[in-house]
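Here is a page from my notebook, kept while I looked around one protein. I began with a pocket and then followed the charged side chains.

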Amino acid sequence: MARHVLVAVDDSAQSTDALEFACEEYSDATITALYVLDPGDFYAVSGVEGTAMANYDEIQRHHEERAEQVLEEARRQAAEHDVELETDHVVGSVSRSIVDYADEHDVDHVIVGSHGRTGASRILLGSVAETVARRSPVPVTIVR
C-alpha cells in the first residue's frame, strides 16, 4: 500500500473526484494536494505586452491567492473524511511539475483527474493526466 500519495488539484470537478478517491482509498497514507501555477497563465490576463510585464507581481499574487483558495477547499474536503491533508503549490509546467514533485518528495503514488479529452484535442493539446502517467516515476491513478 502507498505511504505517500500526491493528488494534483485545481478547481475542476475531476480534481475534486481525484481527491475524494485518494481520501477513500488511501486514508492511512500521507496525502499531499499539489496545485501548480502555470506561468503561462500569468500572461494570459492581458498578453505579453508591457501591461502584463508592469503588472506581473500583481497577476502572480492573484494566482497564488487562487491557489490558496483551491488548497483550502481541498483541506475542507479531506477533513470530511477525517484525513489530514498536506498541501503545497509550485510554479511551472503542470505535468512536469507533478512528475518532478513526486520524484523529489518521496511520493509513491500519484492521483490525477482526467479531463476526458479525446480525439484531436487530446492529440493536439496533449493531456496532463496522460503525460503524468507516461513520465511518472511511480504508479499513477487517473480518476474519471
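I looked up the lining of the second largest pocket in this predicted model. The residues that line this pocket are Val9, Asp10, Asp11, Ser12, Ser15, Thr16, Leu19, Arg66, Val70, Glu73, Ala74 and Gln77. Helix H1 (13-25) and helix H4 (56-79) are the elements that each give two or more residues to the lining. H4 has the largest share, with five residues. I sorted the lining by type and got four nonpolar, four polar and four charged residues. The space in the pocket comes to about 150 Å³.

Next I followed Glu73, one of the lining residues. Its side chain meets that of Arg76 in a salt bridge, 2.9 Å from N to O. Both residues sit in helix H4, three residues apart, which is about one turn of the helix. Glu73 is partly exposed at 42% relative accessible area, and Arg76 is partly exposed at 43%.

What else is linked with this pair? I found a network of salt bridges that joins Glu68, Glu72, Glu73, Arg75 and Arg76. Within it I noted Glu68 and Arg75, whose side chains meet at 2.3 Å, N to O.

Then I checked the whole structure and found eight salt bridges. One of them pairs Asp108 with Arg3 at 3.1 Å, N to O. Asp108 lies in the loop between helix H5 (94-104) and strand S4 (109-113), and Arg3 in the segment before strand S1 (4-8), so this pair ties together parts that are 105 residues apart in sequence. Is each partner buried or exposed? Asp108 counts as buried, at 18% relative accessibility, while Arg3 is exposed, at 55%.

Definitions and conventions:
Residues are numbered from 1 along each chain as its sequence is written. This is a predicted model: local features need pLDDT of at least 70, side-chain atom pairs count only at pLDDT 80 or more; totals for chains, interfaces and linings use all residues. Side-chain values use heavy atoms; hydrogens and water are left out. On a 1 Å grid over the protein atoms alone, a cavity is a set of points where a 1.4 Å probe fits but cannot get out, and a pocket is an open set with protein on both sides within 12 Å along at least five of seven lines; lining residues have an atom within 4 Å of a point. Grid points are joined across faces, edges and corners, and a volume is the space filled by probe spheres set on the points. Helices (H or I, at least four residues) and strands (E, at least two) are DSSP runs, numbered from the N terminus. Ala, Val, Leu, Ile, Met, Phe, Trp, Tyr, Cys and Pro count as nonpolar, Asp, Glu, Lys and Arg as charged, and the others, Gly among them, as polar. A salt bridge is a side-chain nitrogen of Lys or Arg within 4 Å of a carboxyl oxygen of Asp or Glu. Buried means under 20% relative accessible area, exposed over 50%, partly exposed in between (1.4 Å probe, protein chains only).
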